[in-house]
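User: I would like to learn how to read a protein model, one feature after another. Please give me the general idea each time, then the case here.

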Amino acid sequence: MDLASLPLLSLVVFIPLVAAVILLFVGRAYETLMRTIALVSMLLDLAASAAAYYFFDASSAAMQLTEYHVWVPTWGISYKLGIDGISLFLVLLTGLLGPIVILASWEDIKYRVKEFLISLLALQTGMMGVFVSLDLFLFYVFWEVMLIPMYLLIGVWGNPARKLYAAIKFVLYTVVGSLLMLVAILALYLMAGSASGEYTFDLLKLYDFPVPIYAQLWMFLAFFLAFAIKVPMFPFHTWLPDAHTEAPTVGSVVLAAVLLKMGTYGFIRFAIPLFPNAAIDSTWWIMVLALIGIIYGAWVAMVQVDVKRLVAFSSVSHLGFVMLGMFAFNVRGVEGSILQMINHGLSTGALFLIVGIIYERRHTRLIEDYGGISKVMPIFAVFFMIFTLSSIGLPGLNGFVGEFLILLGTFEVYPWFAVLAATGVIFAAVYMLWMFQRVMFGELTNPKNVGLKDLSYREIVVLAPLVVFVVWIGVYPDTFLKPMEPSVKQFLKQVEVKKAAVLDQENGKKLSALDLAAQSHSRRAVNDR
Amino acid sequence: MTFIELYALLPLICLAATPVAALAAIAVSRDHAVVTLVTLIGLGLSFFGLCAVRPLVPMQITPLVVMDGYTLFFVGLILITTAAVALLSYQYLERREGHPEEYYPLLLFAALGACVVAASNHFASFFVGLETLGVSLYALIAYQRAAPRGIEAGIKYLILAATADAILLFGMALIYAKSGSLEFSETATSLAGDYSGLEMAGLALLVSGIAFKLSLVPFHMWTPDVYEGAPAPITGFISTVSKGAVFALLLRYFGEVPAQDFSSVAFCFSAIALASMLAGNLLALLQDNVKRMLAYSSIAHLGYLLVAFLAQRELAVTAVAYYFVAYFLSILGAFGVVGILSGSEGEAEDIKDYQGLIWRRPWIGAVFVTMLLSLAGIPLTAGFVGKFYVLWAGVDSSLWMLVLVLIGTSVIGLFYYLRLIAAMFGSPEAPREELRGRRAGFEAAAAVLGVLTILVIWLGVYPSPLIELIRRSAALSGF
């Protein structure tokens, strides 16, 4: 069979959903069978995304593996998928985490297994869909539909005490932003349609439409809000610690590793290229917010007593870096930003898994309840150490490459911002290492910790692939940067070109307005005579 | 009236004959199933009649009634909804005291009234239709004479609706005094855009009367009590058929008399829309009773519809029509679930009755979740496409204020729908009365719910056919 002729991206998106539908008809008693079906489908999904990587032409900046079907012809809505160097690795990351979360939840979740797996699989479909859609309507559908399984993951399998609060907060925050974005999408659609005569939600066609500056500002603001809440940027981050803390382990993993990336991806795929003038004009503000996020996130992380909350706040800090690099608008910054999305997915996802592993054994997340764990769980300690160091950005591991590129890119444009952001790296070392020390080293003071079992084979299998990529990106990032480069360059060029086009158009309007004024003036002068 | 005109009235004639046939059947023998069957056959014939007269439209039949694409669309919607309500009612009435048979003729009369309202372009036919609908509803709301709340709701609706009708009549009289005609189109030409004094007052009274029927703020006071007191299927009927027909009339009247182009009239409608969206959603937040919550949410939904109504004409008609289909399906499904879960005494209306529903009865729970998500406007449901259409209409006409309030209140709306969904996904508690047992008509009701769910999802995933249908209907009515 010819693999290249398959609709690979559709497979990537819908394999999990098909498995979810199959699970609907499996009896509740066959838990292992259901878990196996879910695992196999996630592995197939991973294989499909790997195949997409295999067929991806790294030297091209164009959208690849595109699929196009008419969906609602009267409204110009199409089912259009495609990936480029920016989305490729996000798809791979999502694919990689699929089987990992199923395996990680194998013994963790014992309550309503069927519905849990269905939610996870549906969520996977939604996330993949967001990363590969090239139609604004399609994108919005995936973006919004994904809320429901995530809501259920937090609201049903979360921490009983505050799960509903956290789940509803998560949904409402997201919906506020996304409905405003929907209005902006509609406004863009109507504006572009009436200008060109072709009403379409096709992203690539809308890229070419120069939006007038006054409209750009409002539309960008709406998109900004939707994505900034998702990222989350300071001051829209308050849903995150609650959602992370109350969610079950794999919920937190998916949330940190993939869901937050949808916000940053949204900026790079939608908000910036569609409204470049507004984006570039607001660079300073966004960078300041990113910077506040970096430092504030780190400071708050430092004083947390709950390990999971600490990791959650470290996410705020790390994603500040991603935003900072993106708005540097140079190749290094943007590449670093995309790489850092992947890095954060790997290391923070892994850290949530780590926290989940000890939580499953001890049922507490408070740092003070631990201490000296490395003595009873040596293998665990090694994994924990690697991910901690990766999160801090130790050279040789993935975090370093991303942060370094971001700081380099930022330094070229705003040196002082780079300097301030660099302090965030130091704070990260402080809170992570301090936490690690209190949990893992020292004396085994708490008698309950004495009998803890070390990692099982399953848990090692869950964590090992992440270690491979953490080291790979750290040692040889070119594998990942190469395929990105053409797309990133294209992205920057596109932003420049479109910005210039919009400015030309505005100047043209002003000129013609001036012309008209001059003409009527001269006419009046003639009449007066 | 020529034969061809009479023929074009076939759907309405069939519908008018059905309750008579049903009453005759009751006279022969009191059999619940037979009456239901007669009702369904009548509705089916009437629907078949719609298809038969389709090539003839548009056609004005006497000055009173117009059969055009728009009429056919709404009449079709009303017929299908009525059939669904009848099927949902069967099992509901089966487990209750008293004679269930007369319920169906009343339901058919109400449907007939609604169809006449949707087809009227004359004040006389409008009023006759409205009264047929209203009087049948008084009886239907209070159908369970043993239940004090039903009686209370019936009386309340009777008194308030009568007042509203009087106001409406007075409004018509004022407009008639000025224009000398009861035909919509002629009132428009004689008014000729000159709105002052008398006709403004007439218009205001007319709008008040209509707003009462649509339960728009500030004429919404009856809604929660009536919704709570009426039998669940009838609540579904009131919030769909009764409101849909009146809204269809609103669109038609203001299509002929474009008074909303005047800033003061547009301002009034905007204010009503804003107040309805805000009050409906905010008050729904406070409810622990599911039926009252849905009542307030229906106030909000009518507010959303007014946003589309205020938009540019062609878009307004199609957006409203699509939204109504989505809203009909979802609200009917929601009240269908309430009806199916209701015991022989009292209804499943407290939010506690829904605790853990999804684990106790997964299929019914899934249906209810789908309906609520559709009402909340989450993608892949018909409700989302409807909301998308309404937002589109609003953005296209630059109604920014209304659009922003729509968004803000939708978020509030999502909150209370999620609250109910959260209860359904919560850990199950023993409900007051577990209704596991099969009862007659359960299959029929379940089948209706299944079809509604499939339609809600299908129209959410693949809206093209319905959009096309609406566009063609609108084209056949000269909008």
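User: Let's begin with Ile378(B). Is it buried or exposed?

Analyst: Buried means under 20% relative accessible area, exposed means over 50%, and partly exposed lies in between (1.4 Å probe, protein chains only). Ile378(B) has a relative accessible area of 5%, so it is buried. A word on the ground rules. This is a predicted model, where local features need pLDDT of at least 70, side-chain atom pairs count only at pLDDT 80 or more, and totals for chains, interfaces and linings use all residues. Residues are numbered from 1 along each chain as its sequence is written, chains are lettered from A and ligands numbered from 1 in the order in which they are written, and side-chain values use heavy atoms, with hydrogens and water left out.

User: Where is Ile378(B) found? And what is it in contact with?

Analyst: Helices (H or I, at least four residues) and strands (E, at least two) are DSSP runs, numbered from the N terminus. Ile378(B) is in the loop between α16 (362-376) and α17 of chain B. Contact means heavy atoms within 4.5 Å. Leave aside neighbours within four places in sequence, and Ile378(B) is in contact with Ile148(A), Leu373(B), Phe384(B) and Leu414(B).

User: Ile148(A) is on that list. How many residues does each chain bring to the contact of chain B and chain A?

Analyst: Chain B brings 34 residues and chain A brings 32 residues. Next comes buried area: the accessible area (1.4 Å probe) that two parts lose on being put together, summed over both. Between chain B and chain A that is about 3200 Å², and carbon and sulfur atoms give 86% of it. On the side of chain B, Trp359(B), Phe388(B) and Trp392(B) lose the most area to chain A, together 21% of what that side buries.

User: How many salt bridges and polar contacts cross this interface?

Analyst: Side chains of opposite charge can pair when their charged atoms come close. The rule for a salt bridge is a side-chain nitrogen of Lys or Arg within 4 Å of a carboxyl oxygen of Asp or Glu. Across the interface of chain B and chain A, that rule finds 0 salt bridges. A polar contact is a pair of N or O atoms within 3.5 Å; within protein, one must be able to donate a hydrogen and the other to accept it, and residues adjacent in sequence count only if both atoms are side-chain atoms. Here the rule finds 3 residue pairs in polar contact, both residues at pLDDT 80 or more.

User: Which helices of chain B supply at least two residues of the side that touches chain A?

Analyst: They are α17 (382-396), α18 (400-425) and α20 (464-475) of chain B. Of the side that touches chain A, α18(B) gives the most, with 12 residues.

User: How many salt bridges does the structure hold over all chains?

Analyst: It holds 27. One of them pairs Lys169(A) with Asp242(A), with the closest N and O atoms 2.8 Å apart. Lys169(A) is in helix α7 (residues 163-196) of chain A and Asp242(A) is in helix α10 of chain A, 73 residues apart. Lys169(A) counts as buried at 16% relative accessibility, and Asp242(A) is buried at 5%.

User: Is there a case to study in chain B?

Analyst: Take Asp288(B) and Arg419(B), whose side chains meet in a salt bridge (2.4 Å, N to O). Asp288(B) lies in the loop between α12 (263-285) and α13 of chain B and Arg419(B) in helix α18 of chain B, so the pair ties together parts 131 residues apart in sequence. Asp288(B) counts as partly exposed at 43% relative accessibility. Arg419(B), at 25%, also counts as partly exposed.

User: How do I read a pair of aromatic rings?

Analyst: A pair of aromatic rings is described by the distance of the centres and the angle of the planes. Rings of Phe, Tyr and Trp (its six-membered ring) pair if their centres lie within 6.5 Å; planes under 30 degrees apart count as stacked, over 60 as edge-to-face and the rest as tilted. A search of the whole structure finds 71 aromatic pairs over all chains. In one of them, the rings of Trp71(A) and Phe137(A) have centres 5.5 Å apart and planes at 75°, so this pair is edge-to-face. Both Trp71(A) and Phe137(A) are buried.

User: And the backbone?

Analyst: Most residues other than glycine have a negative phi, and most peptide bonds are trans. The peptide bond from Phe234(A) to Pro235(A) is cis, with omega near 0°. Leu65(A), a residue other than glycine, has a positive phi near 55°.
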